[in-house]
Amino acid sequence: MKWLGRRESSNTEQGSGGGRGLALGGGVVGIIAAAIYFFTGIDPSALLGGMQQQQGEQTNTQPGIDPNNQQQKFVSVVLADTEDIWGQLFKQMGKTYEEPTLHFFEDGVQTEGCGFAQSATGPFYCPGDRKVYIDVTFFDELEQRFAAAGDFARAYVVAHEVGHHVQQLLGTSAKLERARGNVSEAEYNKLSVALELQADFYAGVFAHYEESTKNVLEPGDIDEALNAANQIGDDRLQKESTGRVEPDSFTHGTSAQRQYWFKKGYETGDVKQGDTFAEMGL
């Protein structure tokens, strides 16, 4: 991806909130928390609801990025592209796109709307404050542990989280929140899968316009994103971590599903074709 010297978003901030918070515990959850719970579009404390929650320290937030941190600069360029692309797409829908803020943190962060989260939660979007939260050291984890290398694998992560923001603006996330506590755990997990797959689709839409209007994609970029989607499918992660696969516990979708929806968004560039809920009969 061509990104050096390009516009960086001004909607960034940074600050961390100490090292306490969601107690992830040990065992299987402690091993795979970074995999199972990254790319989340809902309150991370809800995802980790069965675990002990502790009080985190207040986050000292500063605007901007670390000018010496190339990972942050890269993310800021990707965020700027999402602003341009979704701003235009919302305009075509007769709507106004409200740009999210992206918050960089290390170790842990006290969010305004979703409580405290540790880096092991992975990148996430908090609908309560309409911010994307990223500890960029996660990208090292993405490459080393999950064999998902490449700058467009990282761009996919950012675009997926911004996809959750798009869902918040369009009212899709609210449907999931209304279902919480009113349906069985298995049914709620199906809704969560549909939400996550739609965010993958939106990431694909972003990739479509990165190529067709920004002209910044390079050979292999889409393969990097598809590989990342494959590496973090629920079925693959469960099989590698526990030796078994439990479909009723899926919250993000299989590797094949995640690849399919990203590719559909990339190939069509048509927001209207991303109704994952309808396609799953929900």
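Here two people talk through how some labels on this predicted model are earned.

Colleague: What makes β6 and β7 count as paired strands?

Modeller: Two strands pair if there are at least two bridges between them, and β6 and β7 have three, in the antiparallel sense. For instance, C126 stands opposite K131 in β7. The two strands also form a hairpin with four residues between them, and R130 in that turn has a positive phi of about 55 degrees.

Colleague: And what makes β3 and β7 a pair?

Modeller: That takes at least two bridges again, and β3 and β7 pair over four, this time in the parallel sense. One example is H103, whose bridge partner in β7 is Y133.

Colleague: How do you know that β1 and β2 pair?

Modeller: The cut-off is at least two bridges, and β1 (residues 12–14) pairs with β2 over two, antiparallel. E13 stands opposite P63 in β2.

Colleague: Why are β2 and β6 called edge strands?

Modeller: The five strands run in the order β2-β1-β3-β7-β6 in an open sheet with mixed pairing. β2 (62–63) and β6 (124–126) each pair on one side only, and they are the edge strands.

Colleague: What makes you say that helices pack on this sheet?

Modeller: Contact means heavy atoms within 4.5 Å. Helix α3 (residues 70–92) touches β1, β3 and β7, and its direction makes about 170 degrees with that of β3. Helix α5 (residues 151–170) touches β3, β6 and β7, at about 25 degrees to the direction of β6.

Colleague: How do you know that both faces of β7 are covered?

Modeller: Buried means under 20% relative accessible area. K131 and Y133 on one side of β7 are buried, and so are V132 and I134 on the other. As a general matter, side chains in a regular strand alternate between the two faces of the sheet.

Colleague: Why is α7 described as largely enclosed by the rest of the structure?

Modeller: Of the 30 residues of α7, 21 are buried, so the label fits.

Colleague: How do you know that its length agrees with what a helix should span?

Modeller: At 1.5 Å a residue, α7 (residues 185–214) should span 44 Å, and its end C-alpha atoms are 42 Å apart, which agrees. Just after α7 comes N215, with a positive phi near 55 degrees.

Colleague: What makes α6 and α7 part of the lining of the second largest pocket?

Modeller: Lining residues have an atom within 4 Å of a pocket point, and α6 (172–179) and α7 each supply at least two of them. There are 13 lining residues, with T172, K175, Q198, D275 and F277 nearest the centre. The space in this pocket is about 260 Å³.

Key: Residues are numbered from 1 along each chain as its sequence is written. This is a predicted model: local features need pLDDT of at least 70, side-chain atom pairs count only at pLDDT 80 or more; totals for chains, interfaces and linings use all residues. Side-chain values use heavy atoms; hydrogens and water are left out. Axes are lines fitted to C-alpha atoms, for helices over the stretch in contact, and angles run from 0 to 180 degrees between N-to-C directions. The expected span of a helix is 1.5 Å times one less than its number of residues. Buried means under 20% relative accessible area, exposed over 50%, partly exposed in between (1.4 Å probe, protein chains only). On a 1 Å grid over the protein atoms alone, a cavity is a set of points where a 1.4 Å probe fits but cannot get out, and a pocket is an open set with protein on both sides within 12 Å along at least five of seven lines; lining residues have an atom within 4 Å of a point. Grid points are joined across faces, edges and corners, and a volume is the space filled by probe spheres set on the points.
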